[in-house]
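Trainee: Please choose a single part of this structure and take me through it closely, and then place it in its wider setting.

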Amino acid sequence: MILSQLRGMALYEFRLHWRGRLLVAVMLGFVLTVGLNVLLAGGNVRCDTSALTDLVVCRQGITITVTAVTLFLALPLSILLPILVAEVIPMDAQRGVRSWLDAMPLHTGTYLLGKLLGLWLGLAVALFVAMLITGALWWLATGALDILAYARIWVFGIGVVSIFNGGLGVLLSAGLTTRRRAILWNTALIVTLAGVVQGSDFLSYLNPLRMPIINYHMAVYAPMLSASPDAGELAILLRAFAGGIAGLMITFCTAWVWLRWRANRT
Amino acid sequence: MIEVTNLSKTYNGSVHALRGIDLDIKNGMFGLVGPNGAGKTTLMRILAGLIRPTTGTVRVLGHDVTTLQGKFEAKSILGYLPQELGLYPNLTGREFLDYIAILKGVTDKRARRQQVEDLLESVRLADAADRRLKTYSGGMKRRVGVAQALLGSPKLLIVDEPTVGLDPEERVRFRNLLSEMAGRCTVILSTHIVEDISHSCNDLAVISQGQVIFRGAPGDLITEARGHVWSITTQGERPNGGLAVVSTLQMHDGVQYRVLGTPEPGYNAVSIEPSLEDGYIWLMRQHSPAPA
């Protein structure tokens, strides 16, 4: 029954996000950011050379540009994500949905996980569509795009950042009962952590912009480094992932305990 | 079926919503009636496992709803329609009911679809089933709420002010639907509309200021007012002398009042048979604090 509930919640939450249009806004935000950069870059990023050595160098240059622009998407994401996650649990309370939802045979953990899965599914689809559209834009603008490198930066870069930060936002606003409060809370969190935690080795893994992940990709694709990451760079990425997963798990448990305690106290 | 013992609920340490309620509810349809603020919704929410009582015990079909495990067990056999129902505006009626059925644990897709279709038919929403909920009128939303409460074949159905916002025809249809359900499960109907109770319940309790002030059959409540209901016709002046006016009817030869109390001899009052509403108002008068 729990699996069926999770599946149902994920699918219906996904449908609700999609129809709520905020996911479309996230997608459009990505496409517009990339489109604007493509326009600004103009013909400067085209590889119109026939010499093989020149082509390789040119492609590396394009990959660096594409990577920088793609990671820049963390900015529209950090603006839109607080609004998106505020729709998940706080809106249930604001709309009065909790009045009947709490009378369902639904465990707190199932509720939280179902909500998370729905948001992640929505984000994954929005990111995938945005990746295809922006990929086509880059292809048309440059004429030579390293597709593997491009997919990697989306999946292990902005994709992971969205999933981690989206999940954290949902869990951290689980106890809030209005959309406005949740938006303010998540925005404050992003601004505070992005501004204050910067530079601190351990705390930077808490950064909602996921600086370790972004730094990793920048390092890999920086001109002075080779296209294949060395062991040290990979370790940074793994630590960033581990930090993200651990952060999610701790926040999940905290939100679960908080909601159970509150349900038992009411 | 449902045993409530010495149940009290106090909000913020000072607002006493319920004061030592004892109730034993059997199968069939049970009516809970009382004025606004009497504590009906608080009692319904405790029975549905949504809030904890301050003191006392509640057992729903053998499950103690004051414990987490008991609450969960009780919820799996419960259908609940809250007073104010929030919906997902971007889902259609059919999708919403399907979602609820999944949450209620109806895992078989075919059975779920069948239940949803049957209920859409029962609440006359089949034609609007594929419209988004944000386009529904207040009455239609209420009917969706009714349908969601009936999903999953509950053994206990708790409905809090269910007929608010329904037109007379829908109200009659809904009462019939509840009566049908009462043949299969226990139905607890909370309302301040006495008419809803009189047409469907064979057992009721009247609650006022957090206490049960009457418990019995509708006929017993009617008996309480027997000998105290009168018809008085005047040329327009309102009867006084501590009488409670239940209804006023303009006639061609004056104004006919239906009153409760003991009229003065000059009124030429005619004793009439009380209704359930008369019984309820009489009871409330007996229990209302005397004016200073």
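Mentor: What follows starts from one helix and works outwards.

This is a predicted model, in which local features are reported only at a pLDDT of at least 70 and side-chain atom pairs count only at pLDDT 80 or more, while totals for chains, interfaces and linings use all residues. Residues are numbered from 1 along each chain as its sequence is written, and chains are lettered from A and ligands numbered from 1 in the order in which they are written.

The part I have chosen is helix H1 of chain B, residues 40–47; helices (H or I, at least four residues) and strands (E, at least two) are DSSP runs numbered from the N terminus. Seven of the eight residues of H1(B) are buried, so the helix is largely enclosed by the rest of the structure. Here, buried means that 20 or more other C-beta atoms, placed from the backbone, lie within 10 Å of the residue's own; 12 or fewer make a residue exposed, and values in between partly exposed. The buried residues are Lys40(B), Thr42(B), Leu43(B), Met44(B), Arg45(B), Ile46(B) and Leu47(B). Just after the helix, Gly49(B) takes a positive phi of about 75°.

H1(B) lies across strands E3, E7 (156–160), E8 (186–191) and E9 of chain B, and runs at about 150° to E7(B); such angles, from 0 to 180 degrees, are taken between the N-to-C directions of axes fitted to C-alpha atoms, for helices over the stretch in contact. Those strands belong to an open, mixed sheet of six, in the order E6-E7-E8-E3-E9-E10 (chain B), where pairing requires at least two DSSP bridges between two strands. Its edges are E6 (78–81) and E10 (211–216) of chain B, each of which pairs on one side only, and the twist averages 15° from one strand to the next. Within this sheet, E3 (residues 29–33) and E9 (residues 203–208) of chain B run parallel and are joined by four bridges, with Gly31(B) having Leu204(B) as its bridge partner in E9(B).

Leu47(B), which we met in the helix, is also among the residues with the most contacts inside the largest nonpolar core, together with Leu97(B), Ala147(B), Ile158(B) and Leu189(B). That core has 142 residues, a nonpolar core being a set of buried Ala, Val, Leu, Ile, Met, Phe, Trp, Tyr and Cys residues joined through C-beta atoms within 7 Å. Domain 1 (2–221) and domain 2 (227–272) of chain B both contribute residues, so the core lies between them; these bounds come from an automatic or database domain assignment. The centres of the two domains, taken over C-alpha atoms, are 38 Å apart. Leu97(B) touches Val116(B), Leu119(B), Leu120(B), Ala147(B), Gln148(B) and Leu151(B), leaving aside residues up to four places away in sequence, where contact means C-beta atoms, placed from the backbone, within 7 Å.

Chain B also has an open, antiparallel sheet of four strands in the order E2-E1-E4-E5. Strands E2 (15–25) and E5 (63–64) of chain B stand at its edges with a single partner strand each, so one side of each lacks a neighbour in the sheet.

As for confidence, chain B has a mean pLDDT of 87, with 99% of its residues at 70 or more, pLDDT being the predictor's confidence in each residue on a scale from 0 to 100. For the complex, the predictor gives an ipTM of 0.81 and a pTM of 0.83.

Note on methods: Contact = placed C-beta atoms within 7 Å.
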